Amino acid sequence: MVLISKEINEIMNAQIMKELGSAYIYLGISTWAEEKSLHNMAKWFNAQAKEEYTHAERFVNYIIETGGHVEYQTIDGVKTDFESVEDCIKATIEHEEYITGEIKKILEKAMELKEYEAIEMLQWFIKEQIEEEAQSNELMTTYILFRKNDALWDQHLHRDEE
Ligand SMILES: [Fe+2]
Ligand SMILES: [Fe+2]
């Protein structure tokens, strides 16, 4: 039995593109950081890019499991030039806020359709976005704590293995 509606299938296909798009954005930031010899920052964003890939996979798996059809949409190019570390962090915070909004839109649609399977699946993403937003805000907090000294902040920056 097909458990996914056409509407949710469509919106989730778009979300796959957005999660892979997130990976691409963070790969861009990672590349910028590497070029600036901010190695920990580069590593941090590279790990984040990989995590975004796993988010896309969750949607892919869900669509297949519920009898839908996956379509891969075009992903736009991303920036590899930024003004500053602060510019990169701001872009990250803004992007995660945008993604949270997109997840909520899918959830609202699922609720409207009383699509309980999707509602259940999306709970994970609601929780995950709390973490993603906290994590990106934490980048800014520590950056300010280090008085926006790129080298010192980069030395301090680390990430717990997920
Ligand atoms: Fe994500
Ligand atoms: Fe994210």
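What share of the 162 residues of the protein counts as buried? Keep that in mind as you work through these exercises on a predicted model, in which local features need pLDDT of at least 70, side-chain atom pairs count only at pLDDT 80 or more, and totals for chains, interfaces and linings use all residues. Residues are numbered from 1 along each chain as its sequence is written, while chains are lettered from A and ligands numbered from 1 in the order in which they are written.

**Exercise 1. Take stock of the whole protein.**

Start with the opening question: 32% of the 162 residues are buried. A residue is buried if 20 or more other C-beta atoms lie within 10 Å of its own, exposed if 12 or fewer, and partly exposed in between, with C-beta atoms placed from the backbone.

Next, list the elements. The protein has 5 helices and 0 strands, in the order α-α-α-α-α from the N terminus on. Helices (H or I, at least four residues) and strands (E, at least two) are DSSP runs, numbered from the N terminus.

Then look at the outline: along the principal axes, the C-alpha atoms fill a box of roughly 55 × 25 × 25 Å.

Finally, turn to contacts, meaning pairs of residues whose C-beta atoms, placed from the backbone, lie within 7 Å. Among contacts with a separation of 6 or more, 77% come from residues 24 or more positions apart.

**Exercise 2. Work out how H1 is oriented against H2 and H3.**

You need the angles here. Axes are lines fitted to C-alpha atoms, for helices over the stretch in contact, and angles run from 0 to 180 degrees between N-to-C directions. Angles under 35 degrees count as roughly parallel, over 145 as roughly antiparallel, 65 to 115 as roughly perpendicular and the rest as oblique.

Take H1 and H2: their axes are 8 Å apart and pack at an angle of about 170 degrees. H1 is therefore roughly antiparallel to H2. Their contact holds 18 nonpolar, 7 polar and 3 charged residues. Here Ala, Val, Leu, Ile, Met, Phe, Trp, Tyr, Cys and Pro count as nonpolar, Asp, Glu, Lys and Arg as charged, and the others, Gly among them, as polar.

Now H1 (residues 6–35) and H3 (residues 85–112): the axes come within 11 Å and cross at roughly 170 degrees. This pair is therefore roughly antiparallel too. On the H1 side, the residues that meet H3 include Ile8, Ile11, Ile25 and Trp32, and their partners in H3 include Cys88, His95 and Ile106. By class, this contact has 10 nonpolar, 4 polar and 4 charged residues.

**Exercise 3. Describe H3 and how it packs with H4.**

Check the length of H3 first. Its 28 residues should span 40 Å at 1.5 Å a residue, and the end C-alpha atoms are 41 Å apart, which agrees; the expected span is 1.5 Å times one less than the number of residues.

Then find its buried residues: Val85, Cys88, Ile89, Thr92, Glu96, Ile99, Ile103, Ile106 and Ala110. These pack against H1, H2, H4 and H5.

Last, compare directions. H3 and H4 (residues 116–145) have axes 9 Å apart and pack at about 165 degrees, so they are roughly antiparallel to each other. The contact of H3 with H4 has 17 nonpolar, 5 polar and 5 charged residues.

**Exercise 4. Place Phe59 in its surroundings.**

Begin with the helix: Phe59 lies in H2, which covers residues 39–65 and reaches 39 Å from its first C-alpha to its last, close to the 39 Å expected.

Next, count neighbours. Phe59 is buried, because 25 other C-beta atoms lie within 10 Å. What covers the buried residues of H2 includes H1, H3, H4 and H5 (150–156).

Now name the partners: beyond its neighbours within four places in sequence, Phe59 is in contact with Met12, Gln15, Ile16 and Glu19. The C-alpha atoms of Phe59 and Ala14 are 9.9 Å apart, with their positions 45 residues apart along the chain.

**Exercise 5. Examine residues with positive phi.**

Go along the chain. Ser37, in the loop between H1 and H2, has phi near 60 degrees, a positive value in a residue other than glycine. Ser37 is exposed, since 11 other C-beta atoms lie within 10 Å.

Just after H2, Gly67 has a positive phi of about 85 degrees.

Lys114 sits in the loop between H3 and H4, with a positive phi near 50 degrees. Lys114 counts as exposed because it has 9 C-beta neighbours inside 10 Å.

How values were computed
Contact = placed C-beta atoms within 7 Å.
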